[in-house]
Amino acid sequence: MIECGAGKQDGMNTVWRPNEMTRVRVGVALALLLLVCATARAQEQDFSKVQIKATKVAGNIYMLEGAGGNIAASVGEDGIVIVDDQYAPLAEKIQAALKNLGITDKPVRFVINTHYHGDHTGGNEPFANTGSTVIAQDNVRKRLETGGTAGNGGSLKMEVKPAPKAALPIITFEHDVTVHLNGEDIRALHFPAGHTDGDAIIFFPKANVVHMGDDFVRYGFPFIDVASGGSVQGMIAAMEKVSAQLPGDVKVIPGHGGLSNLDDVRAYTKMLRETSAAVQKGIDEHKTLEQMKQEKILEPWKKWSGEFIDADKFIETLYNSLTGKAGEFVKHN
Ligand SMILES: [Zn+2]
């Protein structure tokens, strides 16, 4: 079991307490394991060596990478809108990287959160304190406010502390919201019960860019936070809907990992569909979770097995998701 409580991660020390090299690199596994422990753990991590790399994606949209989830930024004459904000200790570096683009001295006016996890919302408080308005789906605010337990409904379990008031989104939406700035109609659209129950995918139609949040990631099998109302079914539905609507040459910013395209999204969606079907078959044949792990039923997809979510953790995730066992779902009115 993975817990956020200090000093209890026996067997996990190599991940939680990386050597200096790993720390500099800020390995994906570390960053991801930190995700919901972020508020508590961020203070303990050394962010001093993290550099923020800004890459032009298209038009006036940039992708910023540092530690935690990818940031999308619309930078133009009206100011700056960012999607996600990584960790609080990185806020000043993110501000500096945006300024260094040399496009505008205007501030970050809006921050849009793709979901509530701390590696995407950790900077909410410092950005709000310097004048940004944070926008998110209703359930992001609820989960930030209350805290709770995140995880795959099984062995992956992380306690999330309530966020400080200043970190809470002050504008929330149920279905979608559009920010009209920099000649762009930046649209956040909610997709229910995917990575969590508060996910939004953010579209920049003029620049032909999309930020997928953690519904689409590049670190292998995805983390699906079934304990926070996520489900593989919702994730597949979101990916299918989005893929069908987007232009073929759209630039895709994943929640984690490098800039991607629609083919990458399709390959990922195919893997989600096939692995779900494999676990569903096991369920239909009355196999237990342990049996499915022992039989290594996801072996054909082993290239997706990663440091953070290995095949066993993903079988567990799919099993819990498909049997509806894990959810403390936040209901939508
Ligand atoms: Zn996440």
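**Exercise 1. Which residue follows helix α12, and what is its phi?**

Right after α12 comes Gly324, with a positive phi near 65°. Here, helices (H or I, at least four residues) and strands (E, at least two) are DSSP runs, numbered from the N terminus.

A quick word on what you're looking at: this is a predicted model, where local features need pLDDT of at least 70 and side-chain atom pairs count only at pLDDT 80 or more, while totals for chains, interfaces and linings use all residues. Residues are numbered from 1 along each chain as its sequence is written, and side-chain values use heavy atoms, with hydrogens and water left out.

**Exercise 2. Check the span of α12 and work out what covers its buried residues**.

Step 1: α12 covers residues 311-323, which is 13 residues. The expected span is 1.5 Å times one less than the number of residues. That gives 18 Å, and the end C-alpha atoms are indeed 18 Å apart, so the two agree.

Step 2: look for buried residues, meaning under 20% relative accessible area (over 50% is exposed, in between is partly exposed; 1.4 Å probe, protein chains only). Among those in α12 are Phe314, Ile315, Leu318 and Tyr319.

Step 3: find the cover, where contact means heavy atoms within 4.5 Å. It includes α9 (232-245), α10 (262-284) and α11 (289-294).

**Exercise 3. Which protein atoms hold the zinc ion as donors, and why is their arrangement irregular?**

Step 1: collect the donors, which are N, O and S atoms within 2.8 Å of the metal (3.2 Å for Na, K and Ca); water is not among the atoms, so sites may look incomplete. You get His115 (NE2), His117 (ND1), His195 (NE2) and Asp214 (OD), at 2.1 to 2.3 Å from the zinc ion.

Step 2: place them along the chain. Their spacing reads H-x1-H-x77-H-x18-D. His117 sits in the loop between β5 (108-112) and α6 (118-121), and Asp214 in the loop between β13 (209-211) and α9, so to speak 97 residues away.

Step 3: check the angles. Four donors count as tetrahedral if all angles lie between 85 and 135 degrees; four count as square planar and six as octahedral if opposite donors are over 155 degrees apart and all others between 65 and 115; anything else is irregular. The 4 donor atoms here subtend 84 to 171°, which makes the arrangement irregular.

Step 4: test for burial. His117 has 0% relative accessibility and counts as buried; Asp214, at 2%, is buried too.

**Exercise 4. What is the strand order in the open sheet of 5 strands, and which strands stand at its edges?**

Step 1: two strands pair if DSSP finds at least two bridges between them. The order comes out as β10-β11-β12-β13-β14, with mixed pairing.

Step 2: β10 (176-181) and β14 (251-253) each have a single partner strand, so one side of each lacks a neighbour in the sheet.

Step 3: zoom in on one pair. β12 (residues 200-204) and β13 are antiparallel, with 3 bridges, and Phe203 stands opposite Val210.

**Exercise 5. Compare Ala193 and Lys296: is each buried or exposed?**

Step 1: most residues other than glycine have a negative phi. Ala193 has a positive phi near 50°, and Lys296 has a positive one of about 45°.

Step 2: Ala193 lies in the loop between β11 (184-190) and β12, while Lys296 lies in the loop between α11 and α12.

Step 3: Ala193 is buried at 19% relative accessible area, whereas Lys296 is exposed at 54%.
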